[in-house]
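Thanks for coming. I will go through pockets, then charged pairs, then aromatic contacts, and keep it short.

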Amino acid sequence: MKEDFVFVDEFVPGIRWDAKYATWDNVTGKPLDGYQANRIVGTKALCAALERAQEKAASCGFGLLLWDGYRPQRAAGSFLRWSEQSEDGRTKLRHYPNIDRAEIFEKGYVATRSGHSRGSSVDLTLYHLATGELAAMHGDHDLMDSISHHGATGISPVEARNRQSLCSIMEACGFSSYDREWWHYTLNHEPYPDTYFDFPIT
């Protein structure tokens, strides 16, 4: 692993994770290139900010569940190859019900050069500390649809409140949101703003 990059769970004790792109449970329906272990990696600066976010979330009765952190640049190739394949319908209903898979780049849901590859972006959600159940947010990770945008209409008041809670927690701890994905946040003062890394997660 590159210097200054670490496994997040080792620096933020008690944080939960499920590295979706190391599994078959993602929009492409299989693990992406570069994800050889179900672990979340990030810069030490990201971890410090996530530790603050975890403490703030706990004060509101929530914990953090991470879905992605550092993403090897080669994973963009996996997305591109998948987007060029003919539709088989396996993940469409759950992840991109209202667009064609070829549109995921132009609609802004996936980037050929992702901020994740700089090591200071994270995909995450909240769960209730009392029960361990995920907070209702409307839609799962990688739901590439307008319903996933911040300020989306058509979601319940509870879901809107939970999304706002996540946003408030993350912004208070030094992150910026992404308007098309309620789960995606980037560290404001990231240490490698112009570097896209490609080492695998092992």
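How much space lies in the second largest pocket? About 200 Å³. Before I go on, the conventions. This is a predicted model, so local features need pLDDT of at least 70 and side-chain atom pairs count only at pLDDT 80 or more, while totals for chains, interfaces and linings use all residues. Residues are numbered from 1 along each chain as its sequence is written, and side-chain values use heavy atoms, with hydrogens and water left out.

Now the term pocket. Rolling a probe the size of a water molecule over the atoms shows where empty space is left. Here the search runs on a 1 Å grid over the protein atoms alone with a 1.4 Å probe, and a pocket is an open set of points with protein on both sides within 12 Å along at least five of seven lines. A residue counts as lining if it has an atom within 4 Å of a point. Points are joined across faces, edges and corners, and the volume is the space filled by probe spheres set on them.

Back to the second largest pocket. Its lining has 14 residues, and T28, K30, S78, W82 and Q85 lie nearest the centre. By class, that lining holds 4 nonpolar, 4 polar and 6 charged residues. For the classes, Ala, Val, Leu, Ile, Met, Phe, Trp, Tyr, Cys and Pro are nonpolar, Asp, Glu, Lys and Arg are charged, and the others, Gly among them, are polar.

The largest pocket has about 270 Å³ of space. It is lined by 24 residues, with Y109, S114, Y178, E181 and H184 closest to its centre. Three elements give two or more residues each to this lining: β5 (121-128), β6 (175-178) and β7 (181-187). Strands here are DSSP runs of E with at least two residues, helices are runs of H or I with at least four, and both are numbered from the N terminus. The largest share of the lining, 5 residues, comes from β7. The lining divides into 9 nonpolar, 9 polar and 6 charged residues.

Next, salt bridges. Side chains of opposite charge can pair when their charged atoms come close. The rule used is a side-chain nitrogen of Lys or Arg within 4 Å of a carboxyl oxygen of Asp or Glu. How many salt bridges does this rule give? The count is 15.

I will show three. R39 pairs with D9, with the closest N and O atoms 3.1 Å apart. R39 is in the loop between β2 (16-17) and β3 (41-43), and D9 is in helix α1 (residues 8-11), 30 residues apart. R39 is partly exposed, because its relative accessibility is 22% and that class lies between buried, under 20%, and exposed, over 50%, with a 1.4 Å probe and protein chains only.

The second is R94 with D25, at 2.8 Å between the closest N and O atoms. This one links helix α4 (residues 92-95), which holds R94, to the loop between β2 and β3, which holds D25, 69 residues apart. Both partners count as partly exposed, R94 at 42% and D25 at 26%.

The third is E190 with R118, 2.8 Å from N to O. E190 is in the segment after β7 and R118 in the loop between α4 and β5, 72 residues apart. Buried or exposed? E190 is buried at 14%, and R118 is buried at 13%. Separately, salt bridges with shared partners join D18, K20, D25, R94 and D140 into one network.

Last, the rings. Rings of Phe, Tyr and Trp (its six-membered ring) pair if their centres lie within 6.5 Å; planes under 30 degrees apart are stacked, over 60 edge-to-face, and the rest tilted. The count of aromatic pairs is 12. One of them is F5 with Y192, stacked, at 6.0 Å centre to centre and 20° between the planes. F5 is in strand β1 (residues 5-7) and Y192 in the segment after β7, 187 residues apart. F5 is buried at 5%, whereas Y192 is partly exposed at 24%. F5 also pairs with F197, edge-to-face, at 4.9 Å and 70°. F197 is buried at 13%. One aromatic cluster is formed by F5, Y70, Y192, F197 and F199.

Finally, charges over rings, meaning NZ of Lys or CZ of Arg within 6 Å of the ring centre and within 35 degrees of the ring normal. The charged end of R39 sits over the ring of F7, 3.9 Å from its centre. R113 lies over the face of Y196, 4.0 Å from the ring centre.
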